[in-house]
Amino acid sequence: MNAVYPNNHLKDFYGRNFYVTPDVLIPRPETEQLIDMVLNLAGESYLPGVKPSKRKLPEHPRILDVGTGSGCIAITLQLNIPKAEIIATDISESALKIAQKNAIKYGIDPHLFIISDLLENVKFTPDLIVANLPYVDENWDWLDKKALSYEPKIALYAKDSGLELIKKLIKQSNARQIKYLALEADPCQHQDIVDFANENYYHLIETRGFCILLELH
Ligand SMILES: C[S@@+](CC[C@H](N)C(=O)[O-])C[C@H]1O[C@@H](n2cnc3c(N)ncnc32)[C@H](O)[C@@H]1O
């Protein structure tokens with residue numbers, strides 16, 4: 001989970017540079033696998049020489065990035081799946097300003113980045129939600145809190161062993177019958193997430209590193 005703060009305020013993610021400040025999480029390499037998973041589901045190639053699976057998402061997929069931070073996930077997906085309709089949210093106004101700045105840099109409409117507590121302000125019904133929500137449990141004894149001190153607490157920590165927001169999102173997604181969820185969490189949390197997802201009618205399609213892909217029954 002640790003990241004070194006970039007002196008030039010630019011961090012590489014999936015081959016592109018994103019502007020970061022202390023208002024946002026520094027994009028992590030483990031999050032890049034969320035992009036691979038979603039591209040694969042959209043039938044898009046994500047690695048030279050690796051054939052993607054048969055497309056499961058519609059040709060013009062509607063995607064929602066919850067907890068967008070710097071905007072790295074939403075912007076990367078939009079640039080790699082130009083036919084997608086993508087909206088991104090964050091509860092932090094200061095984080096959204098950074099995401100909007102990155103969106104403008106990459107020619108994406110900054111109005112697609114909206115303030116919302118999880119799905120509260122979202123009118124859009126996506127085919128897929130992608131979310132790297134805060135999942136760090138403050139009580140993990142292997143945690144290097146000093147290494148995380150340059151990033152906002154709201155981007156890192158969650159109650160209920162780190163799972164509070166992920167569980168809320170699964171419940172809200174079920175209520176809206178959203179078909180796919182691509183989530184990031186520490187691998188030590190994956191089994192608990194899958195168990196909770198099963199209780200809410202989502203089943204596991206695959207895990208890749210820190211990332212989990214769930215489908216509604
Ligand atoms: C782990 S950071 C991820 C940032 C970015 N998506 C990435 O992968 O680098 C989590 C983000 O979720 C946002 N967040 C925290 N609680 C939230 C909530 N209840 N609803 C929406 N966003 C939330 C934080 O402000 C933060 O930007």
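Strands here are DSSP runs of at least two residues, numbered from the N terminus. The model is predicted.

**Exercise 1.** Place Cys211 in its strand, then decide whether Cys211 is buried or exposed.

*Solution.*
- Start with the element. Cys211 sits in strand S9, which covers residues 211–216.
- Next, take the cut-off: a residue is buried if 20 or more other C-beta atoms lie within 10 Å of its own.
- Now apply it. Cys211 has 24 C-beta neighbours inside 10 Å, so Cys211 counts as buried.

**Exercise 2.** Find which residues Cys211 contacts beyond its neighbours within four places in sequence.

*Solution.*
- One set of partners is Gln33, Leu34 and Met37, among the contacts of Cys211.
- The others are Ala182, Leu183 and Glu184.
- Add a distance. Glu30 is 181 residues from Cys211 in sequence, yet their C-alpha atoms are 7.9 Å apart.

**Exercise 3.** Identify the residues that touch the most other members of the largest nonpolar core.

*Solution.*
- The core holds 62 residues, and Val38 and Ala182 touch the most other members.
- Helix H1 (residues 32–41) gives this core its largest share, 6 residues.
- Check Val38. Leaving out residues up to four places away in sequence, Val38 touches Leu77, Leu128, Val130 and Ala182.
- Ala182 is also among the contacts of Cys211.

**Exercise 4.** Describe the shell around the ligand: its closest residues, its elements and its make-up.

*Solution.*
- Count first. The ligand is surrounded by 24 residues, the closest being Gly67, Gly69, Ser92, Asn132 and Ala155.
- Then the elements. Helix H2 (72–80), strand S4 (85–90) and helix H4 (153–156) each give two or more residues to the shell.
- Last, sort by type: 14 nonpolar, 8 polar and 2 charged.

How values were computed. Residues numbered from 1 in each chain as written. Predicted model: local features only at pLDDT ≥ 70, side-chain atom pairs only at ≥ 80, totals over all residues. Near = placed C-beta within 6 Å. Helix = DSSP H or I, 4+ residues; strand = E, 2+ residues; numbered from the N terminus. Nonpolar A, V, L, I, M, F, W, Y, C, P; charged D, E, K, R; others polar. Buried ≥ 20, exposed ≤ 12 C-beta atoms within 10 Å, placed from the backbone. Contact = placed C-beta atoms within 7 Å. Core = buried A, V, L, I, M, F, W, Y, C linked by C-beta atoms within 7 Å.
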